[in-house]
Amino acid sequence: MPIKLLRSLADGAVFDMPPQGVSRYIEKQTGSKIRIWRFDNRLATIPSGKTLRIELADPAAIHWSADGWTTVKDIKTKPSGLGTHFADLPLKGVEPGHAVVFTFFWPESGQWENVDFAVRVGE
């Protein structure tokens with residue numbers, strides 16, 4: 001058994017747990033302000049008030065709408081520094097029950113994704 005596990009078992013509490021993390025995540029229950037959509041994690045809903053982050057393997061322009069394509073917005077991804085690209089869709093003002101729809105333009109290939117994706121804003 002690893003020494004940290006033995007120490008934790010002997011103490012009856014997790015050894016080597018930083019107090020800053022305990023305060024933030026256990027005592028204050030601080031949650032993330034973002035929810036991440038990826039091709040391998042296609043969110044169906046997002047809580048109201050959260051930011052929708054689109055994370056992709058390649059750079060893209062995200063073509064999106066919060067009113068059924070009546071109006072559209074475009075946002076370019078930026079490198080994360082971790083080998084991925086992302087963009088945050090500002091959903092402030094999107095009413096619960098409405099869906100955000102989006103697709104991608106891939107500038108490196110000059111191709112559109114040709115599929116619309118949707119994430120519904122929840123309560």
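Contact here means heavy atoms within 4.5 Å. The model is predicted: local features need pLDDT of at least 70, side-chain atom pairs count only at pLDDT 80 or more, and totals for chains, interfaces and linings use all residues. Residues are numbered from 1 along each chain as its sequence is written, and side-chain values use heavy atoms, with hydrogens and water left out.

**Thr 103 and its surroundings**

Thr 103 sits in strand β8. Strands (E, at least two residues) are DSSP runs, numbered from the N terminus. Thr 103 is buried, because its relative accessibility is 6%. The classes are buried under 20% relative accessible area, exposed over 50%, and partly exposed in between (1.4 Å probe, protein chains only). Residues up to four places away in sequence aside, Thr 103 touches Ala 61, Ile 62, His 63, Trp 69, Trp 112, Glu 113, Asn 114, Val 115 and Asp 116. Its side chain also reaches the backbone oxygen of Val 115 at 2.7 Å.

Two of these contacts, Trp 69 and Asn 114, deserve a look at their backbone. Most residues other than glycine have a negative phi. Trp 69 has a positive one, and so does Asn 114.

| Residue | Phi | Loop | Relative accessibility |
|---|---|---|---|
| Trp 69 | near 75 degrees | between β4 and β5 (73–76) | 29%, partly exposed |
| Asn 114 | about 65 degrees | between β9 (111–112) and β10 | 69%, exposed |

**The nonpolar core**

A nonpolar core is a set of buried Ala, Val, Leu, Ile, Met, Phe, Trp, Tyr and Cys residues joined through side-chain atoms within 4.5 Å. The largest one has 20 residues. Trp 37, Leu 52, Ile 54, Phe 102 and Phe 104 touch the most other members. At least two core residues come from each of β3 (51–56), β4 (61–65), β7 (85–89), β8 (99–106) and β10 (117–121). The top contributor is β8, with 4 residues.

Phe 102 has a long contact list. Neighbours within four places in sequence aside, it meets Trp 37, Leu 52, Ile 54, Ile 62, His 63, Trp 64, Trp 69, Val 115, Asp 116, Phe 117 and Val 119.

**An open sheet**

Strands of a sheet pair through backbone hydrogen bonds, either parallel or antiparallel. Two strands count as paired if DSSP finds at least two bridges between them. One open sheet of 4 strands runs in the order β1-β3-β7-β6, with mixed pairing. Its edges are β1 (34–37) and β6 (78–79); each has a single partner strand, so one side of each lacks a neighbour in the sheet. The β6 and β7 pair is antiparallel, over 2 bridges. Lys 78 has Phe 86 of β7 as its bridge partner.

How values were computed:
A polar contact is a pair of N or O atoms within 3.5 Å; within protein, one must be able to donate a hydrogen and the other to accept it, and residues adjacent in sequence count only if both atoms are side-chain atoms.
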